[in-house]
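Visitor: Could you pick one part of this model and walk me through it slowly? I'd like to know who sits beside whom, and what lies around it.

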Amino acid sequence: MTDRNRLLALLAAASLVIAAGGQAQERAKEAPPEGSAPRDFKLPDKRETSLENGLEITAVPFGSVPKATLAVVVRAGNLNDGNQTWLADLTGDFLLEGTAGRTAESIALEAAAMGGQVSVTVGEDTTTISGDVLSEFAPQMAVLLADIVRNSTFPPSELERLRRDRLRQLSVARSDPEQMAAAAFREALYGDHPYGRLLPSEAQLAGYTIEDVRGFHANNFGAKRTHVFVSGKFDVDRTMAAIEEAFADWKQGPEPLINVPEPAKGKVATQIIDRPDASQSNIWLGLPTISPGHEDWIALDVTDTLLGGFFSSRITSNIREDKGYTYSPGSTLSSRYRDGYWAEVAAVTTEVTGPAVQEILGEINELQENPPPAAELDGVKNYSAGVFVLQNSTRGGIINVLSYLDLHGLPDSYLTNYVSNVFAVTPEQVSEMARKYLRDEDMTLVVVGDRGQVSEQVAPYLGAGEE
């Protein structure tokens, strides 16, 4: 063999080795090693105490970043609106407008000087007033938050501006098909209960007075309804002492309002909300289920995730990836105090409104009849456990989950055993949850779209009385 031929043979052999190595690398990429065994969530050590007036305090030292988050969570929200929808929200808007000893500007400047800010969030069951500051200022932030919660003056001069802001938000909501569908769905489930009234009328909102706002605060805010949480890196003794001093002489106020709804069941008659010439239909399809205190909650949550709760879920893969009916569908297992519902939400092209509903129900029926493959369920469980741990790995996340436990009356073991309980869910349980809680005959369907094009498409799925 000549030198030239030897060289060509060596080059050919080297090419084969390189190709084989590349194929091996590709196979390695396609089959990554399995992840390590999941670990249970470890709740950081916490300090708890209750004041004589009923106020509760929970402090959770956490992390190494020199910051602390404080949150005053009051059991008063939209549930307490009665028939004055959004009065809780308007009251929340006023909380940062000044107290007996601080103006709105001084509140903002004082928080900024501590390296943070103050915010107010009004939910269905609670109102949260929170601040995030540098560690050394945690006691001072406790004093500031107490002043805001207890001593807001609700200046009449700000009523028109804040009411106008809310009217603008209402106008946007009433023209947004997604919010229109959500409001109609909730009304169908809960009727005249506050959970069923997501949007007020313009006249109602415009008619709220400063006396209404002050009355809401006086009647709903008090120590018995309040839990103060602190999380992060801070001086526990100094901060808890500051909270106790700032809140010790606050009025007890009323016990938390208990007003558990009795949602409608059984193909509730709903109307198609007409949007002539709309290129899309906004769909809400769902039904009442259970609340987080129920023994089936975690298994149902896993079932929801598999069906529509993340990007690779069955319904998403079907109507987004395979059919191209929609861009961003998703399901939710939504909860309030002693209440919950499941819903699939999607904005689909008008001409496939009916087929989209059919595919959603088809995926539910398939899951009811056939347990999912173990490999598919393992992926869902890994995702659910991972998201849970990530959500609870920040100061705010820890406060959110502890407030969640407080609202629903859940023990700490709900957190510490959550990952194990997720991984204990079996394929057979998932099918059982679908059969038990996602019943076709009890589904409520709301569609916001072009009535002329979608009425016949969705007729088979609506209850009697559809308009």
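Guide: Let's start with a pair of residues: Ile-272 stands opposite Val-447 in strand 11. Strand 11 (residues 444-449) runs parallel to strand 7, and 3 bridges join the two. Strands count as paired here if DSSP finds at least two bridges between them; the strands (E, at least two residues) and helices (H or I, at least four) are themselves DSSP runs, numbered from the N terminus. Before we go on, this is a predicted model, where local features need pLDDT of at least 70 and side-chain atom pairs count only at pLDDT 80 or more, while totals for chains, interfaces and linings use all residues. Residues are numbered from 1 along each chain as its sequence is written, and side-chain values use heavy atoms, with hydrogens and water left out.

Now zoom out a little. Strand 7 and strand 11 belong to an open sheet of 5 strands, with mixed pairing and the order 7-11-8-10-9. At its edges sit strand 7 (272-274) and strand 9, each pairing on one side only. Neighbouring strands of this sheet are turned by 20° against each other on average, direction ignored (the axes are lines fitted to C-alpha atoms, and angles run from 0 to 180 degrees between N-to-C directions).

Follow that order along to strand 8 (residues 280-288), and you'll find Ser-281 in it. Is Ser-281 buried or exposed? Ser-281 is buried, because its relative accessible area is 0% (buried means under 20%, exposed over 50%, and partly exposed in between, with a 1.4 Å probe and protein chains only). The side chain of Ser-281 makes a polar contact with the side chain of Thr-353, at 2.8 Å (that is, two N or O atoms within 3.5 Å, one able to donate a hydrogen and the other to accept it; residues adjacent in sequence count only if both atoms are side-chain atoms). Thr-353 takes us out to helix 12, which covers residues 353-369 and also holds Glu-366. Glu-366 counts as partly exposed, because its relative accessibility is 34%. Its C-alpha atom is 9.4 Å from that of Ala-434, although the two residues are 68 apart along the chain.

Back in the sheet, strand 8 pairs with strand 10 in the antiparallel sense, over 9 bridges. One example: the bridge partner of Ile-283 is Ala-346 in strand 10. Strand 10 is largely enclosed by the rest of the structure, because 9 of its 11 residues are buried. Strand 10 also pairs with strand 9, again in the antiparallel sense, this time over 7 bridges. There, Gly-330 stands opposite Val-345 in strand 10.

Strand 9 and strand 10 form a hairpin with 2 residues between the strands, and this is where Arg-338 takes a positive phi near 55°. What makes that worth pointing out is that Arg-338 is a residue other than glycine. Arg-338 is partly exposed, because its relative accessible area is 40%.

Last stop: the empty spaces. Strand 9 (330-336) is among the elements that supply at least two residues each to the lining of the largest pocket, which holds about 1,200 Å³ of space. On a 1 Å grid over the protein atoms alone, a pocket is an open set of points with protein on both sides within 12 Å along at least five of seven lines, a cavity is a set where a 1.4 Å probe fits but cannot get out, and lining residues have an atom within 4 Å of a point. Points are joined across faces, edges and corners, and a volume is the space filled by probe spheres set on them.

Of the 40 residues lining that pocket, Ser-335 is one of the closest to its centre, along with Gln-391, Asn-400, Val-401 and Tyr-404. Helix 14 gives the largest share of the lining, 9 residues. By class, the lining has 15 nonpolar, 20 polar and 5 charged residues (Ala, Val, Leu, Ile, Met, Phe, Trp, Tyr, Cys and Pro are nonpolar, Asp, Glu, Lys and Arg charged, and the others, Gly among them, polar).

There is also 1 cavity of 30 Å³ or more, with a volume of about 40 Å³. Its lining is made up of Arg-75, Leu-79, Asn-80, Asp-125, Leu-257 and Tyr-337, which divide into 3 nonpolar, 1 polar and 2 charged.
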